[in-house]
Every structure is written in structure tokens, then in C-alpha cells.
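Reader: Before we accept the terms used for this model, I would like to hear what each of them rests on. Please show the structure and then take the terms in turn.

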Amino acid sequence: MNYSIKKFPFSRMRRLRMKPFIRNIVSEASISCNDLIWPVFLVEGENQNQKIKSMPFVYRYSIDKLIKELEILVKYGLQAVALFPQIEKDLKDENGTNSYDQNNLVCRAIKEIKSSYPDLGIIADIALDPYTIHGHDGIIKGGKIANDETIEVLKKQAMVFSEAGCDILAPSDMMDGRVGSIRKELEQNGMHDTVIMSYAAKYASSFYGPFRDAIKTQKLDEIKDKKTYQMNSANSDEAMQEIALDIKEGADMVIIKPGMPYLDIVYRTKQEFNIPTFAYQVSGEYSMILSLAGEKRNKDTILESIICFKRAGADGILSYFTPFLLESLQIS
Ligand code: PBG
């Protein structure tokens, strides 16, 4: 780095801040529609857009309503959506069997979105929590989350989503070895082009609270938290190990989650692996930032919460602010 900067008054840092144009042309990071992925919540029914109490301006959409909602966003340049279903209570069971029903809510949504918007990318989470009566991402055996048994179910889920036309599978369960097993399953069944975007570094976080509200996951009772599979927020080297493993097992891109409390992990990942790296600005971050941005959704506040990811090196961001941002980018 060259710090042989001239002294004041030959160097006045404020010269390059004096007017909008000059700030714009020296800007190091920027945000475009190509950086944003919209996580959306799905619900059964028709013409539904249900409010979510802990996430103002965010809704659960029935498939038909989502299709309508997407029209303007696709015009604004939306590139991809990530789907999260609220599964009806009577479809949930111990082993999350609805996760691999080829007619489940996610599979139907994938097909309908693809037929209306063939160029829109579709990402679907691979994990069992929306489908289990205990709310965990895996199967419980003898009071523990059973790693290898869970993987067998995840493989089936990966296949049905992929067969329905899903472009990108995003394993968010944090079982060991799942990326490799899913990759092998896809290859053996001819799904060579299905992309795996793994939640490689996913922390056991309090910031997921509003999400669990949104998809109405069951209260974690028997095992009270997800700390035996999601990562300890104190660790950074461990995240690098997780990422190295997922890349070896066949991940094409990785997600760091949550986002803002883990910017150091985003930065390190990009520095150490040079792999497409995404940050997930999760539900709790959304609610927190929105409460600061206020009812009128102050644009500067929201943009600041997004640009930090680009500055840290992220290639893209999953954010519930995506519709707001896409609209703002049209008029900026
Ligand atoms: C489930 C999953 C979670 C999120 C995405 N996928 C919740 C969890 O792990 O408990 C959280 C997303 C958010 O908070 O916005 N595997």
C-alpha cells in the first residue's frame, strides 16, 4: 500500500466529497440489481399476502399472488428469489417427510414461477425445519440431531426440488457431509447443472427470530437451540474450515449468515477462497434496521446496511429489502 500522501493543504480529502458527482465517480463499491436476491415466504391458498408482525413490509405470499408481485420486480431487474415455505401444521411430522413430496408448496412454486418467468433464478433451502414438528433442521434420534439419517432425507429433498426446476439448492441445515452427498446424488441422477450455494458458515444466531415467526416453525422444545449444528458466533477459523470442506464437497458458491455481525467472515472468505460469496442479511437484521430507518424507510439507512457487504467483498446479498431497493435503484 502506498501511503506517500501529500500533506495539508496539498492534500485535502474533502475535495473529493464536495459534490454528488465527484462522490459518485470515486465510489469504490456500488449496488445494482445484479447484487440482490429476494428471500420470499410462501403460504398455501389464493390471493394471499399475509402480514408478518415482526417484519413490517414483508409478507407471506400464496403462489398466485407472488407471481403477480414478481411482475414489476422482474421489470426492475430482479435476478433471483430464494423460497421459504410456511408449511401447514398437519403436514409437519417427526422426520419432515413433506420436504420431499414432489407436490409440496416449494415444488409447486418453483414450477409456476418458472413457467411465468423462465429467466428468473430460483433458489430453495435444503433443510427440514419448515417440515418438522420439532422445528429442527434435522431428524432427532435418541435426543440428538442425527447427522447421517438427516442427510438421507436432504438428498431426497434436493432431488425433488431439482426435478421441479430449481436452479440453485441452498443447504442451510449445517449437517456434516451434506454438500458432498447432495452433489453425488445430483450427479448420479443426471442433474449436472444444478448449482449448490451452501450456507457454509451459518451461525447459531438470535437474529433468526422473526424468520421463525414468518414460517411458523415449531417452538424448539426437546432440544432447545441449534448449537450442536450451527456455528458458535465466537469462531472465525472454524468458518474457514467449513467453507474449505463445502468447496471440496462440491459447493459452487457459499453464504455467510447472518450478515452484518459477521462482516469479518465475509471479508476473510473472499480473501482466502476467491469463490462467489454471498451474505444473508437475515430477518432480525431486517427488523432492526427497519426500526432505525422508520416508517418511511429512510433510503440512506437501508443502503448503508447493504453497501457494507459489497465493501467487505460479497458478490451478492440476500435481503428482505430487495423490493424496496430495486424500486429505489430505478429512481436514483
Ligand atoms: C432454516 C433457515 C433459517 C433461516 C434461513 N433458513 C432459520 C434457522 O436456521 O433457524 C433464517 C433466515 C432469516 O432469519 O432471515 N434452515
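Reader: What makes a residue part of the surroundings of the ligand, and which residues are closest?

Author: In this predicted model, a residue counts as near the ligand if one of its heavy atoms lies within 4 Å of it. There are 18 residues around the ligand, and the closest are K202, R212, K257, S283 and Y320. By class, this shell comprises 8 nonpolar, 3 polar and 7 charged residues.

Reader: How do you know that Y320 makes a polar contact with the ligand?

Author: The cut-off for a pair of N or O atoms is 3.5 Å. An N or O atom in the side chain of Y320 is 2.6 Å from an oxygen atom of the ligand, so the pair qualifies as a polar contact. For K226, the distance from a side-chain N or O atom to a ligand oxygen is 2.7 Å, and for D137 a polar side-chain atom lies 2.7 Å from a nitrogen atom of the ligand; these pairs are therefore polar contacts as well. As for cover, the ligand has 410 Å² of accessible area on its own, and the protein covers 100% of it.

Reader: What makes you say that the ligand sits in a cavity, and which cavity is it?

Author: The term requires that more than half of the atoms of the ligand lie within 2 Å of the grid points of the cavity, and the cavity in which the ligand sits is the largest.

Reader: Why is the pair D35 and K310 called a salt bridge?

Author: The term asks for a side-chain nitrogen of Lys or Arg within 4 Å of a carboxyl oxygen of Asp or Glu. The side chains of D35 and K310 meet at 3.1 Å, N to O, so the pair satisfies that limit. Because D35 is in the loop between helix 1 and strand 1 while K310 belongs to helix 10, the pair ties together parts that are 275 residues apart in sequence. The structure holds 14 salt bridges.

Reader: What makes the backbone at P258 and at N47 worth a remark?

Author: Most peptide bonds are trans, and most residues other than glycine have a negative phi. The bond joining K257 and P258 is cis, with omega about -10°, and P258 is found in the loop between strand 10 and helix 8. N47, in the loop between strand 1 and strand 2, has a positive phi near 55°.

Conventions: Residues are numbered from 1 along each chain as its sequence is written. This is a predicted model: local features need pLDDT of at least 70, side-chain atom pairs count only at pLDDT 80 or more; totals for chains, interfaces and linings use all residues. Side-chain values use heavy atoms; hydrogens and water are left out. A polar contact is a pair of N or O atoms within 3.5 Å; within protein, one must be able to donate a hydrogen and the other to accept it, and residues adjacent in sequence count only if both atoms are side-chain atoms. Accessible areas come from the Shrake-Rupley method with a 1.4 Å probe; for residues, only the protein chains shown count as cover. On a 1 Å grid over the protein atoms alone, a cavity is a set of points where a 1.4 Å probe fits but cannot get out, and a pocket is an open set with protein on both sides within 12 Å along at least five of seven lines; lining residues have an atom within 4 Å of a point. Ala, Val, Leu, Ile, Met, Phe, Trp, Tyr, Cys and Pro count as nonpolar, Asp, Glu, Lys and Arg as charged, and the others, Gly among them, as polar. Helices (H or I, at least four residues) and strands (E, at least two) are DSSP runs, numbered from the N terminus.
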